[in-house]
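Me: Got a minute to go over the pockets in this one? I'll paste it below.

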Amino acid sequence: MTVWLGEREHQIRAGDQASRAIGALLSCAARQGVRKTTLNDVAREAGCSRATLYRYFASKQAVLDAALRTEARRISAALAAAAATAVTVEDAVVALLVTAGAELGQHPALRFVATFEPEKVLPHLAFAGGDQFLAAATETLAPMLAPHVGAEHAPRAAEWITRVGLCLLFAPVPPVDLDDEPAVRAYAREFIVPAVAADPVRSQPPTTTRR
């Protein structure tokens with residue numbers, strides 16, 4: 001029992017230290033980008049020594065990879081929570097776009113990197129990297145859309161919403177700001193919902209017949 005508790009405590013400490021390192025890297029990247037951030041910077045921000053970081057990560061790239069995985073899981077959970085409240089496909093599309101705008105468009109580290117180090121982002125959004133991103137996003141979003149468009153149609157709808165979302169996030173002058181929910185709803189109703197709704201009737205909220 002004592003041995004098990006000791007191992008459990010070690011795992012908790014290791015998890016805490018790894019989380020601190022990930023948070024430290026994101027803070028550094030938000031201030032100075034990924035390129036200029038060193039492992040010493042991460043250690044200093046995390047309040048530990050570089051030697052301590054090496055117990056959990058082999059390199060700065062390893063910390064970055066862990067940060068990307070952690071943020072992807074966190075953002076996916078936020079998207080799922082937002083979509084879970086949707087009544088119609090329109091609600092789901094709006095919830096996904098607005099939440100993505102908040103999580104990605106307002107992410108301090110991502111904003112800095114996208115503005116000053118676009119070469120770190122573009123390979124993941126174009127050519128083979130773009131295909132992989134679309135595949136991953138489609139797999140993540142499809143279950144959130146399935147209740148509204150059907151399981152068969154959900155992957156195609158998820159891919160289309162991802163493509164539109166990327167355009168809205170990274171266009172120099174987007175046609176609509178993702179932090180303006182009424183504008184996003186109007187845009188989605190006109191340009192997105194007709195393309196993703198398997199059944200146009202299901203894209204509208206239920207109505208009550210008056211007698």
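**Pockets and their linings**

Reply: Sure. This is a predicted model, and in it helix 4 contributes eleven residues to the lining of the largest pocket, the most of any element.

Me: Which helices each supply at least two residues of that lining?

Reply: Helix 1 (2-32), helix 4 (60-84), helix 5 (89-105), helix 6 (108-116), helix 7 (127-149) and helix 8 (154-170).

Me: How much space lies in the largest pocket?

Reply: About 1,400 Å³. The lining has 41 residues, and those closest to the centre of the largest pocket are Leu 68, Ala 72, Leu 104, Leu 110 and Phe 133.

Me: How many of the lining residues are nonpolar, and how many polar or charged?

Reply: The lining of the largest pocket has 28 nonpolar residues, nine polar ones and four charged ones.

Me: OK, next pocket. What volume does the second largest have?

Reply: About 390 Å³.

Me: Which residues lie nearest its centre?

Reply: Gly 101, Gly 105, Gln 106, Leu 168 and Leu 169, out of 19 that line the second largest pocket. Helix 5, helix 6 and helix 8 are the elements that give two or more residues to this lining.

Me: Which helix gives the most there?

Reply: Helix 5, with five residues in the lining of the second largest pocket. Helix 5 is also among the helices that each supply at least two residues to the lining of the largest pocket.

Me: And the class split for the second largest pocket?

Reply: Its lining divides into twelve nonpolar, four polar and three charged residues.

Terms used:
Residues are numbered from 1 along each chain as its sequence is written. This is a predicted model: local features need pLDDT of at least 70, side-chain atom pairs count only at pLDDT 80 or more; totals for chains, interfaces and linings use all residues. Side-chain values use heavy atoms; hydrogens and water are left out. On a 1 Å grid over the protein atoms alone, a cavity is a set of points where a 1.4 Å probe fits but cannot get out, and a pocket is an open set with protein on both sides within 12 Å along at least five of seven lines; lining residues have an atom within 4 Å of a point. Grid points are joined across faces, edges and corners, and a volume is the space filled by probe spheres set on the points. Helices (H or I, at least four residues) and strands (E, at least two) are DSSP runs, numbered from the N terminus. Ala, Val, Leu, Ile, Met, Phe, Trp, Tyr, Cys and Pro count as nonpolar, Asp, Glu, Lys and Arg as charged, and the others, Gly among them, as polar.
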